[in-house]
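Q: Please take a close look at one part of this structure and describe its setting. Please then relate it to other salt bridges, surface patches and strands in the chain.

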Amino acid sequence: MTKWVYNFGGGNAEGDTSMKNLLGGKGANLAEMASLGLPVPPGFTMTTEVCTSYYDNGEQYPDDLDPQTETGLAHIEKLTGKVFGDAANPLLVSVRSGARASMPGMMDTVLNLGLNDETVDGLAELSGDRRFALDSYRRFITMYSDVVLGVHHHTFEDILDQHKDNRGYMLDTEMVADDWETVIGKYKEAVKRALGRDFPQDPREQLQGAIDAVFGSWMNDRAVVYRRLNDIPAAWGTAVNVQAMVFGNMGETSATGVAFTRDPSTGENSYYGEFLINAQGEDVVAGIRTPQTLTKKARIDMGEESPSMEEALPEVYGQLAATFEKLEDHYRDMQDIEFTVERGKLWMLQTRTGKRTARAALKIAVDMAEAGQITQDEALMRIEPLSLDQLLHPTLNPDAPRDVIAMGLPASPGAAIGEVVFSSDEAEELKKAGHKVILVRVETSPEDIHGMHAAEAIVTARGGMTSHAAVVARGMGTPCVSGAGDIRIDYDAQQFTCAGRTVKKGEIVTVDGATGQVFAGEVDMIQPELSGDFAKIMEWADSARTLGIRTNAETPLDVQTARDFGAEGIGLCRTEHMFFEADRLAHFREMILASDKVGREAALAKILPVQRDDFAAIFRIMGDLPCTIRLLDPPLHEFLPHTEADIQSVADTLDLPASELMARARELAESNPMLGHRGCRLGISYPEIYEMQARAIFEAQKLVSDESGVNPVAEIMIPLVSSDKELEILKAAIEKVAEDCGNPAYQIGTMIELPRAALRAADIAKHAEFFSFGTNDLTQTTFGLSRDDAGKFLPDYVRAGIMEKDPFVTLDQDGVGDLIQIAAERGKSTRNDIKMGICGEHGGDPASIGFCHKAGLNYVSCSPYRVPIARLSAAQAAIAAKTAN
């Protein structure tokens, strides 16, 4: 027979903290606290397997669950000396959810269950306090009606507020027993009006209804959204905890509170929390009464007058402080605790690892490691890598008022304030004039790169998390909100509208790329600090990891940012971004429009000096660290104008007929440019382009070497190779240029971004000294997906369980990962010392970095602001592998 119910209490428990997957976090920790001898009200836990069975079997419970539930109730009755449903000596219980992952506020709770018109009299007699009993009953009716019966809690709040207004009361605590009796009568009338039946009086019917509601809340909308946002599988299910009630609303020696053993905002080693005298748990968070501080110091620091718990209940506070120390020592982490004091006796209702800010996580991890409570490896494993984003960018002050005007996807974290502009040219001009601007576009293209660089933040109406705007913004560390679909942009009127509001050019907005929100006006911000605990965690991470960490960067600002964040080289320098700068775009267009090789070479000769200066600026920053430079990748048509007005403007600049420019644009247009004339295919058709770029690299190396004595390390990468012959031809051309330039130190390799290249890696490795896996395109070509369009339907695939995650965010280890491993094995079979890394967006994704470690790659490369995240993720991957062995 399957065991569905586990008991705890009285200094013993049938479970422990290691059984979190079965008992849920709350149930496992209640069992653990009971076994530690802490004062835990007795109860039982219905396992997460009940939940999964319930949903797997058409919302039907296992046949043998009821007898085990009755045994659980008998266990509570025995330890409390009370009887469930007995009018004279009633046992009251709470019913709470408890998934294995903390989901605060997402699921349902019912307190004071077991009260009815008869047991309330028994409770009054036993407690000697009729007001307390009636107060508990009205709370139960409100909560049960809301959670189980579907009668909204506002119904009861309105009744209570009206009664208090009629009596001239300000606080619930002014209500006497007769008041509560009157209010209870009105509550029951409201339930009957809403449902057409009386409020249930049978305690067992109440219990079953509450259990149904808690299991049912696993699939409510807010829980489903929370799970999706936090990567919590629906298959985990929730447990249900049924526990004897203890009461914080039994007078001035009773209280309830929530506490953290350390400050969850700062990580300081000081108690943090709130409590209320003569209250139940929901009062602390409901805001009806102002909670009081736990400690005297906190009260003084906050300028509060109401006494702290340390002052009001000093003996119980001493017991609570001792419990804090015991729990933190036992769990070896900061704890989030719920407690109740019933007539001077302390009861522990919950403990769990406390949620904390990234800054607090760093401080707690460092402090505990330096105190010897945990190891450095454990400290590193305690920190969520993606949470470091909170520290790497300016963030909004959480206490600042804000007025949301639009929402989209949180495409690139950070916060920024500026005036709205709708043109990249105008963004660049205003930036030069000293303005801070927010670029708002329907979508961005490579031609917007100058405006994107100039902008403090970017907002697009279209596009997903891996759209052009999102990828480029993350690379620049620029906040970005993409896919704000409710925005309607009117370029002619220079304004956008959203939800009935209009924002004109020049108006100030604040963008929060971490939440995907756009606010009217200026919202106060907090600037990042990257020293102290942050620096120490990075130092420990670098000692633990084996993967190298490089960056995807091509501007001096991005390269310097990445170096400051600890990048050990450049894994991807996209040279095409350099061609979009105004001082060379005209020359590049001249090259595209040339009718023969001589004309192309003449135009490229004008670009060579500025391209050389670009590479020299990068080499100066990177010194002798390796720099992987990808030769031109996108199709040529991307560099030409497309609208008639733009074509005429460019034609005038180049002194050409507009018809000639338009004809060339039509000639270069492709049905599917992602699979068209791009990458190494351009190098085969127009070898002079790659030869110019190689010469610029080699000349930049010599320039920097002559200046500083440092020898830059160039790794020249040929994109979109599918055949070893392509690489052989292009490599020979580059080697000839190298000879002309004095044979500087360099390597030649390729991007593996096509399935055929992965499968033919043994042949390709004959000519490649390194492989860089371009996982963005490799994902596109493996799945047959366009990353710019897939965002429209991939969420449906994730919801349907076809995919666990968006494969453009987290690497598809089964398909794309197989190709990477095949390419790695076959490449090494030809060239054992071949160097391998990834340079797609996945290089900054923790789960993907874990795969790269297992696959034996040498490095990952990511956008500059992802470098610290990658350093920590690589350390965690190494620690996890070491632990597994």
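A: The account below starts from helix H6 and then turns to other parts of the chain.

The structure is a predicted model, in which local features need pLDDT of at least 70, side-chain atom pairs count only at pLDDT 80 or more, and totals for chains, interfaces and linings use all residues. Residues are numbered from 1 along each chain as its sequence is written, and side-chain values use heavy atoms, with hydrogens and water left out.

Helix H6 spans residues 153-167 and contains Asp-161; helices (H or I, at least four residues) and strands (E, at least two) are DSSP runs, numbered from the N terminus. Asp-161 is partly exposed, its relative accessible area being 39%. On this scale, buried means under 20% relative accessible area, exposed over 50%, and partly exposed in between, with a 1.4 Å probe and protein chains only. The areas come from the Shrake-Rupley method with a 1.4 Å probe, and for residues only the protein chains shown count as cover. Together with Glu-157, Asp-158 and Asp-165, Asp-161 makes up a surface patch of negative charge. Patches are made of residues with over 30% relative accessible area and no salt bridge, like charges being joined within 9 Å and nonpolar side chains (Val, Leu, Ile, Met, Phe, Trp, Tyr) within 5 Å. Asp and Glu count as negative and Lys and Arg as positive, while His and the chain ends are not counted. Each charge is placed at NZ of Lys, CZ of Arg, CG of Asp or CD of Glu.

A salt bridge (a side-chain nitrogen of Lys or Arg within 4 Å of a carboxyl oxygen of Asp or Glu) joins Arg-167 to Asp-179, at 3.6 Å from N to O. Arg-167 belongs to helix H6 and Asp-179 to helix H7, so this pair ties together parts that are 12 residues apart in sequence. The two partners can be set side by side: Arg-167 is partly exposed at 43% relative accessible area, whereas Asp-179 is buried at 4%. In the loop between H6 and helix H7 (177-195) sits Gly-168, which counts as exposed at 55% relative accessibility. From Gly-168 to Leu-36 the C-alpha to C-alpha distance is 48 Å, and the two are 132 residues apart in sequence. A network of salt bridges links Asp-135, Arg-138, Arg-139, Lys-164 and Asp-172.

Across the whole structure, a search finds 49 salt bridges. One of these pairs the side chains of Arg-204 and Glu-70, at 2.9 Å from N to O. That pair links distant parts of the chain, with Arg-204 in helix H8 (residues 203-217) and Glu-70 in helix H3 (residues 65-80), 134 residues apart. Arg-204 is partly exposed, with a relative accessible area of 38%, and Glu-70 is partly exposed at 38%. A further salt bridge connects Lys-297 with Asp-301, whose closest N and O atoms are 2.8 Å apart. These two residues both lie in helix H11 (residues 296-302), 4 residues apart, or about one turn of the helix. Lys-297 is exposed at 58% relative accessibility, and Asp-301 is exposed at 54%.

A patch of another kind is formed by Phe-793, Tyr-797 and Ile-802, which are nonpolar and together have about 280 Å² of accessible area on the surface. Of these, Tyr-797 lies in helix H34 (residues 794-799) and is partly exposed, at 34% relative accessible area.

The strands follow. In strand S24 (residues 508-512), 4 of the 5 residues are buried, so the strand is largely enclosed by the rest of the structure. Two strands pair if DSSP finds at least two bridges between them. Strand S17 (residues 415-421) pairs with S24 in the antiparallel sense over 5 bridges, with Ala-415 opposite Asp-512. S24 also pairs in the antiparallel sense with strand S25 (residues 517-520), over 4 bridges, and Val-509 stands opposite Ala-520 there. S24 and S25 form a hairpin with 4 residues between them, and in the turn Gly-516 has a positive phi of about 80°.

In strand S28 (residues 570-574), 5 of the 5 residues are buried, so this strand too is largely enclosed by the rest of the structure. Its pairing with strand S27 (residues 548-552) is parallel, over 2 bridges, and Leu-572 is the bridge partner of Asn-552. S28 pairs with strand S29 (residues 626-630) in the parallel sense over 3 bridges, with Ile-570 opposite Cys-627.
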